[in-house]
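Student: I am new to this structure and would be grateful for a close look at one part of it. Please begin with a single element, and then connect that element to its surroundings and to the rest of the model.

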Amino acid sequence: MSDFTSNFWSIYVAGISLVGVIGCLLLLVFTAKKKVQSASDNTTGHVWDGDLTEMNNPLPRWWMWLFVITIVFSLAYLVAYPGLGSYKGELGWTQIKEYQAEVDKATTAVQPLYARFDAMPVEEIAGDPAAMAIGDRLFMNNCAQCHGSDARGSKGFPNLADADWLHGGAPEEIIKTIQEGRVGVMAPIAAAVGSADDVRNVAQYVLSLSGSPHDSIKAGLGKEKFAVCAACHGMDGKGNKLLGAPNLTDDIWLHGYGEDVIVNMVVNGKMNEMPAQKDKLTPEQIKVLAAYVWGLSNKPAVASR
């Protein structure tokens, strides 16, 4: 409620809440005052099926008081908790605080589970079956949505089971990626490359770098124009992990393969983001998860007992 940009909506919500409670109270008062005319035998005169007679018996008093208690409780609730527009409530309760309390409770409960991995290097953790079982669960819950349950990725999402790393595959680099996230940006550079033919020639040259099928004449023409791309990918096309610039010589295509795909990248650019997990996972969880990811493409050391 506090995110409303206009006071109107805050007042509107508070008004609806209060009108609803007051309306229930008034309905209870008016119905309590209304008297139903009945005969001397306490019947209303309504008869169904020949002998089913409606009697004029009031509700039990304790039942009526339940309605009153409900109304009083609702008013007390609106004072204690945020139910009146932007009013925060006397108890200061928020969903964020409730969520954080549950997270802290869960973190405290599992802390002993991660304690024995604190002094172990990532390479050794990757060889521990218990740690890898935990890492597998962490991966399935937090990473598989993008990278797949087998960690082999898909178009636009890197394969974590091979040896190709945009930002480096060392344990400390994987930990940093998980903690801080990554933003990969391929700027639209067609204007710097030249004409539409120049862009297609560059695309053919890029294909030639990995030994993919290409037009050698066009590739030769595009080699000079590749200097624009070399600012990030290097003159040899092997990329730059500091920039997250892919290696163009390894025949691994993150966003698709072929001349048209490369031309589209040059013309329109591309932006990819790996979200940071440091506010979602604890440092201990990130370390175990990094060990799991590292072990997907490396031979883990056997953990000592």
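Tutor: A definition is needed at the outset: the expected span of a helix is 1.5 Å times one less than its number of residues. The model under discussion is predicted. The element chosen is helix α1, which covers residues 7–33. It has 27 residues, and the distance from its first C-alpha to its last is 39 Å, close to the expected 39 Å.

The next matter is which side chains of this helix are hidden. In general, an α-helix has 3.6 residues a turn, so residues three or four places apart point the same way. The buried residues of α1 are Ser10, Val13, Ala14, Val21 and Leu28; a residue counts as buried when its relative accessible area is under 20%. Helix α2 is included in what covers these buried residues.

The two helices also take part in a pocket. The second largest pocket has a volume of about 500 Å³. Its lining is made up of 15 residues, and those closest to its centre are Thr31, Ala32, Pro58, Leu59 and Met64. Both α1 and α2, the latter spanning residues 61–80, supply at least two lining residues each. The largest share comes from α2, with four residues. By type, the lining divides into nine nonpolar, three polar and three charged residues.

From the pocket we may turn to charged pairs elsewhere in the model, where seven salt bridges are found. One of them joins Asp128 to Arg116, with their closest N and O atoms 3.1 Å apart. Because Asp128 lies in the loop between α4 and α5, and Arg116 in the loop between α3 and α4, this pair ties together parts that are 12 residues apart in sequence. Asp128 has 0% relative accessibility and therefore counts as buried, whereas Arg116, at 42%, is partly exposed.

Another salt bridge is formed by Lys278 and Glu180, whose closest N and O atoms are 3.2 Å apart. This pair links distant parts of the chain, 98 residues apart: Lys278 sits in the loop between β4 and α13, and Glu180 belongs to helix α7. Both partners are partly exposed, Lys278 with a relative accessibility of 44% and Glu180 with 43%.

Helix α7 leads to a further residue of interest. His167 is placed in the loop between α6 and α7. It is buried, because its relative accessibility is 17%, below the 20% limit. Leaving aside residues up to four places away in sequence, His167 touches Glu173, Thr177, Arg182, Lys241, Leu243 and Gly244.

A last pair consists of Arg200 and Asp260, a salt bridge with closest N and O atoms 3.3 Å apart. Arg200 lies in helix α9 and Asp260 in helix α12, so the pair ties together parts that are 60 residues apart in sequence. Arg200 is partly exposed at 32% relative accessibility, while Asp260 counts as exposed at 54%. Through shared partners, salt bridges join Arg200, Glu259 and Asp260 into one network.

To return to the starting point, α1 is a helix of 27 residues; α2 is part of what covers its buried residues, and these two helices both contribute to the lining of the second largest pocket.

Note on methods. Residues numbered from 1 in each chain as written. Predicted model: local features only at pLDDT ≥ 70, side-chain atom pairs only at ≥ 80, totals over all residues. Heavy atoms only, no water. Buried < 20%, exposed > 50% of the residue type's maximum accessible area, 1.4 Å probe, protein only. Contact = heavy atoms within 4.5 Å. 1 Å grid on protein atoms, 1.4 Å probe; cavity = no way out; pocket = protein on both sides within 12 Å on 5 of 7 lines; lining within 4 Å. Points joined across faces, edges and corners; volume = space filled by probe spheres on them. Nonpolar A, V, L, I, M, F, W, Y, C, P; charged D, E, K, R; others polar. Salt bridge = Lys/Arg side-chain N within 4 Å of Asp/Glu carboxyl O.
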